[in-house]
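Here is a short report on a two-chain model. Look at the structure first, then read on.

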Amino acid sequence: MSNDFTARNIPDRLTTHGQRTLKSWETLLVIIAVMVFVVNALSSPYFLNPWNLSDATFNFTEKAMIAFAMAMLIVSGEIDLSVAAIVALASTAMGFMMQAGFGTPILVATGLTVGVLCGAFNGVLVTRLGLPSIVVTIGTMSLFRGISYIVLGDKAYTGYPSDFAFFGQGYVWWVISFELVLFVIFALIYAVILHKTNLGRAVYAIGNNPIGAKFSGIRVERIKFILFLLTGLMSGVAAVCLTSRLGSTRPSIAFGWELEIVTMVVLGGVNILGGSGTIPGVVLAALIMGMVTFGFGLLNVPGIVMSIFIGLLLIAVIALPRLWSMARASRARRKA
Amino acid sequence: MIKQFIKSREALLVLAILILLGLISSRFSGFIAPRNMASVFQDTSILIMLALGQMVVILTRCIDLSVASNLALTGMVVGLINVAAPGLPVPVLLLVAMSLGAFLGAINGILVWKVDIPPIVVTLGTLTVYRGIIFLISDGAWINAHEMSASFKAFPRYELLGQPVLSWMAVASIILFYLLVVRTPLGRAFYAVGGNPHAAVYTGINVGFTRFMAFVIAGAISGVCGYLWVSRYAVAYVDIAGGFELEVVAACVIGGISIAGGIGTIGGAVLGALFLGIIKNALPVVDISPFWQLAISGSAIIIAVAVNARSERKKGRIILKKAEHA
């Protein structure tokens, strides 16, 4: 690639904003989302029912809330595979407090606090001890869920107070659920943080070149620590919603979510190696995954077949652009 | 040589295992009886073999999260073949399992090598796809013990010199992998590619191809383990070995194989797997609920990676710290 700067490779004019938007990952996702929507609407008469669509949002809202924080973490070059285990531990802690007789406000506070503490634990291990986050969080994933298993074994917590049910089952207006509102609010908050604040710019800088970022005066360790805290907090939020929606806690709650959330983030155009990605992309990926799951569900396709589709989608959306650019490069080489 | 060993990670791990065994035998002395240790080894054989395969992948700075799905898929295919053609001898099935496993590994390898997708993304994708395919080919049904032929089930249990074939296969794998990484150009290339990919290119190593081979080898051994798993537990269904990929990675990490590539030994991988195997087998006999296992292995991973990081810390970072203080 070292001869990219020879004269013939310099473009005559810069690409315009419109052209860049057209060619962007997000545009591709919008097209896929529209296609999925149309195919679903054509193949099942039940798809366009507002209540059905509202139900469909529960497929992704909780996971997507975690995915926003995870997206920032991955942009910064780290990863957290323990998120689903944090959900399990936070949910177990809430169940424990519920059995001790505490009311809804304390339960919510417990869930969020446990989430933040777990995030802090990951953060300390990664930023203070300088350990690779992928291994640390594989370890804490077993540890956090393991604690849930120690507390609960093969039992379950049930009998949450009735006003606790609002977070996962309540509707704000007509078909608009509380979770959907929360999803939109967090999407806006994270989009502003990542795209409009100094913290967001610093996250990109860290992801592209951590050493360079450090020498430009960015407190790399502290920012990474904050990102782990946020991911823990969002896992706590998701734990509150999920526990409220299911009305019970088992140690296997949210099992396998970490992979679905990472898929959502990567599908959203975030580079798994860090340095690039957007929140709107993640929102679109969440919508696509939710609609695919829901549409297949209406057609009686078993969940595991949907997961094949999600897996293929994950590989295809990353492979196709690369294959395309490789093909273009080889054509250009032949011409030259 | 001895001095070197005492300072090594493996020595530390041997020490940890000895302490662990000491603690267990203080509660239940029968655990360290040779006969029981042999059965623990047999129970850990599959984990050891998978950890060896995972090790060569991690050495090249990649990771293979699809090994458990690969195992389950080949196990199901071999099971279905056995149901359809009970007369087919086991060596043929082993060959089929190994080739199919290698093929599934090659798919990972091609995507990493030719399309240049990060390995964690590739194998995250194939992890779900391979497991989904099991559902498609089996229609969600189980293959139960009574549907399998007697020779199919008997092979891993067949005793040779007092030990079951399953244990011998693990021993054979350890020897083969040792020869592979220590005595062959490909094995040395694994280390070179993981240690410094750019330098590896300049020494004439094809980095992409080396990674591809690592995935093929990991896939092949997962395939063999697929047959062993299904025949040992005499059942095949969609969810067998679910989540086992993380236990395999855990065994490697505990064994001192650096996730950053280029560092790790066969002995480490085997000891890491044995460490997890001993904990798993010891919990019931020392009267601790098996529900503790997950939390214990999680803590073991965190401690192991912290210890590894201490010895691997790069000298280059000191400059930065000085700059920070200035």
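Helices here are DSSP runs of H or I at least four residues long, numbered from the N terminus. The model is predicted.

**Overall build of chain A**

Chain A comes to 15 helices and four strands. Its C-alpha trace spans about 75 × 55 × 35 Å along the principal axes. The radius of gyration is 21 Å; a compact globule of 336 residues would have one near 20 Å, so chain A agrees with that expectation. Of the 336 residues of chain A, 46% count as buried. Take the contacts in chain A between residues at least 6 apart in sequence: 78% of these join residues at least 24 apart.

**Two loop residues with positive phi**

Most residues other than glycine have a negative phi. The table lists two non-glycine residues with a positive value.

| Residue | Phi | Loop |
|---|---|---|
| A:Ala254 | near 60° | between β4 (248–249) and α13 (257–267) of chain A |
| B:Asp116 | near 65° | between α5 (90–113) and α6 (119–138) of chain B |

Is A:Ala254 buried or exposed? A:Ala254 has 27 other C-beta atoms within 10 Å, so it is buried. The cut-off for burial is 20 or more. B:Asp116 has 13 C-beta neighbours inside 10 Å and therefore counts as partly exposed.

**Helix α13 of chain A**

The loop that holds A:Ala254 leads to α13(A). Ten of the eleven residues of α13(A) are buried, so this helix is largely enclosed by the rest of the structure. The buried set includes A:Trp257, A:Ile261, A:Met264 and A:Leu267. A:Glu258 and A:Glu260 are also buried.

What do the buried residues of α13(A) pack against? Within chain A, the partners are α4 (61–75), α5 (83–99), α7, α14 (279–298) and α15. From chain B, α6 joins them. After α13(A) comes A:Gly269, with a positive phi near 95°.

**Where the chains meet**

On chain A, 42 residues are in contact with 38 residues of chain B. Four helices of chain A each supply at least two residues to this side: α7 (133–152), α11 (210–215), α13 and α15 (303–335). Of the helices, which gives the most? That is α7(A), with 14 residues. By class, the side of chain A that touches chain B has 30 nonpolar, nine polar and three charged residues.

**Helix α9 of chain B**

Helix α9 of chain B covers residues 185–195. Its buried residues are B:Gly187, B:Ala189, B:Phe190, B:Tyr191, B:Ala192, B:Val193 and B:Gly194. They pack against four helices of chain B: α3 (34–59), α8 (165–183), α10 (197–202) and α11 (207–233).

Now take one of these partners, α8(B). How are two packed helices described? By the angle between their axes and the distance between the axes. For α8(B) and α9(B), the angle is about 70° and the axes are 5 Å apart. The two helices are therefore roughly perpendicular to each other. On the α8(B) side, the contact is made by B:Leu180, B:Val181, B:Val182 and B:Arg183. On the α9(B) side, B:Leu186, B:Gly187 and B:Phe190 take part. By class, this contact has five nonpolar, one polar and one charged residues. B:Gly187 and B:Phe190 are also among the buried residues of α9(B).

Conventions. Residues are numbered from 1 along each chain as its sequence is written. Chains are lettered from A and ligands numbered from 1 in the order in which they are written. This is a predicted model: local features need pLDDT of at least 70, side-chain atom pairs count only at pLDDT 80 or more; totals for chains, interfaces and linings use all residues. The radius of gyration is taken over C-alpha atoms; the globule rule is 2.2 Å times the number of residues to the power 0.38. A residue is buried if 20 or more other C-beta atoms lie within 10 Å of its own, exposed if 12 or fewer, and partly exposed in between; C-beta atoms are placed from the backbone. Two residues are in contact if their C-beta atoms, placed from the backbone, lie within 7 Å. Axes are lines fitted to C-alpha atoms, for helices over the stretch in contact, and angles run from 0 to 180 degrees between N-to-C directions. Angles under 35 degrees count as roughly parallel, over 145 as roughly antiparallel, 65 to 115 as roughly perpendicular and the rest as oblique. Ala, Val, Leu, Ile, Met, Phe, Trp, Tyr, Cys and Pro count as nonpolar, Asp, Glu, Lys and Arg as charged, and the others, Gly among them, as polar.
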